[in-house]
Amino acid sequence: MRRAALLAGLGRVAGLGLVAALGLSLAASGAVAQTRPPARPAPAAPAPAARPEPPSVESAYAAWQRGRYLTAFREATERVEALADPVSMTMLGELHAAGIGIPQNEERALGWYRLAAERNERNAIFSLGMFHIEGRAGLTRDPALARPFFERAAALGHVAAAYNLGLLALAGQGGEVDPAAAARWFQRAADLGNADAQYAFAVMLKDGNGIPADLPRAASYMQRAALQDLLEAQIDFAVMLFNGQGLPKDEARAASFFRKAALRGNPLAMNRYARLLAAGRGTRPDAKMAAQWHITAHMLGAPDSWLQDYVRNMDPVQREAAEQGARDWLR
């Protein structure tokens, strides 16, 4: 999530006209002017005090990001009172919905979302859809009721709304199962930069599900998701690189993506990287590290019979060092 009346100075014009008329009268009656002082001009009415500018929406969001939720609440409230700002209404909805800085109140959150949605604020519209998905604030939990909100938000460029519509179409929630529609929604969100959508669209392109199979395009979208550090995409893209699916075979680059995913704690990637280390494919051979990665994966519940045999046949001293390395890594 993100986020007076114009005063007209007519009194000044009228005053100038009055002074000009008085000057003409005094010039015609000089004697009167000498015996009676001119009338003291009436004091000008004080100008109304300038209304202070409300905080910027950037200031309110900065306070939110720094964990200063009461400040964010106060500044968003000031913006709503001064400008009826729909972005700030959405922020108030988020604060009430999550109960951060203020007591949680889903009904108030719903009210703020509805006010902002009336002003076409896409994040608020999306949140209304999510309230129906989750059944919050007493709303009926029903994907079919959420879908129109997601469609409206997606039409305004909301990325997560487009991705959610893809998920609903793929699962047949709130309507018929429609892989073709799912692919369209995933592509829309993917092209707007959403990593989850890039991965989902890549898988559909690989499988030819709802869209003609296209391995080069699948590899392109998979790479985009992998470069955004989406774990599943890193593993699948490494497999595509290793096998040369949709792009030139590159074992060294495949090994680097398996290693990244392994370092993030994925046991499947640990075993894949261990096999490459054991065989010296895409990386220099390293028996100890191969065993250490496999033992770690095995401790995490991912067996691999080939690697188990590999470790069993190792030098006992080297195997013990690998086992100790695995225990240290998991500590």
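Helices here are DSSP runs of H or I with at least four residues, numbered from the N terminus. All views show a predicted model.

**Figure 1. Helix 7, residues 122-134, from end to end.** The 13 residues of helix 7 should span 18 Å at 1.5 Å a residue, and the end C-alpha atoms are 18 Å apart, so the expected and modelled spans agree. At the N-terminal end, Glu121 acts as the cap, with a side-chain oxygen placed 3.2 Å from the backbone nitrogen of Asn123. After helix 7 comes Gly135, which has a positive phi, near 65 degrees.

**Figure 2. The buried residues of helix 7 and what covers them.** Buried positions run from Asn123 through Ala124, Ile125, Phe126, Ser127 and Leu128 to Gly129, and Phe131 and His132 are buried as well. The cover over these buried residues includes helix 5 (86-98) and helix 6 (106-118). Helix 8 (143-155) and helix 9 (159-171) are also among the covering elements.

**Figure 3. The crossing of helix 8 and helix 9.** The two axes come within 8 Å and cross at roughly 140 degrees. The crossing of helix 8 past helix 9 is left-handed. From helix 8, the residues in contact are Pro143, Arg147, Phe150, Glu151, Ala153 and Ala154. Their counterparts in helix 9 are Ala161, Ala162, Asn164, Leu165, Leu168 and Ala169. By class, the residues of this contact are nine nonpolar, one polar and two charged.

**Figure 4. Helix 15, residues 267-279, and its two ends.** Helix 15 has 13 residues, and its first and last C-alpha atoms are 18 Å apart, close to the 18 Å expected at 1.5 Å a residue. The N-terminal cap is Asn266, which has a side-chain oxygen 3.1 Å from the backbone nitrogen of Leu268. Gly280 follows helix 15 and has a positive phi, near 70 degrees.

**Figure 5. The buried residues of helix 15 and their cover.** Ala269, Met270, Asn271, Tyr273, Ala274, Leu276, Leu277 and Ala278 are buried in helix 15. Elements that cover them include helix 13 (231-243), helix 14 (251-263) and helix 16. Helix 17 (305-312) and helix 18 (316-330) are also included in this cover.

**Figure 6. The surroundings of Ile295 in helix 16.** Ile295 lies in helix 16, residues 287-299. Its relative accessible area is 11%, and Ile295 therefore counts as buried, the limit being under 20%. With residues up to four places away in sequence not counted, Ile295 touches Val311, Ala322, Glu323 and Ala326. A separation of 9.6 Å lies between the C-alpha atoms of Ile295 and Arg319, which are 24 residues apart along the chain.

**Figure 7. Arg79 in helix 4 and its contacts.** Arg79 belongs to helix 4, residues 69-83. Arg79 counts as buried because its relative accessible area, 12%, falls under 20%. Apart from neighbours within four places in sequence, Arg79 contacts Pro54, Pro55, Ser56 and Val57, along with Ala84, Asp85 and Ser88.

**Figure 8. Glu107 in helix 6.** Glu107 is part of helix 6. Its relative accessible area of 52% is over 50%, so Glu107 counts as exposed. The C-alpha atoms of Glu107 and Gly138 are separated by 8.0 Å, with the two residues 31 apart along the chain.

Key. Residues are numbered from 1 along each chain as its sequence is written. This is a predicted model: local features need pLDDT of at least 70, side-chain atom pairs count only at pLDDT 80 or more; totals for chains, interfaces and linings use all residues. Side-chain values use heavy atoms; hydrogens and water are left out. The expected span of a helix is 1.5 Å times one less than its number of residues. Buried means under 20% relative accessible area, exposed over 50%, partly exposed in between (1.4 Å probe, protein chains only). Contact means heavy atoms within 4.5 Å. A polar contact is a pair of N or O atoms within 3.5 Å; within protein, one must be able to donate a hydrogen and the other to accept it, and residues adjacent in sequence count only if both atoms are side-chain atoms. Axes are lines fitted to C-alpha atoms, for helices over the stretch in contact, and angles run from 0 to 180 degrees between N-to-C directions. A crossing is left-handed if the near helix is turned anticlockwise from the far one by less than a right angle, and right-handed if clockwise. Ala, Val, Leu, Ile, Met, Phe, Trp, Tyr, Cys and Pro count as nonpolar, Asp, Glu, Lys and Arg as charged, and the others, Gly among them, as polar.
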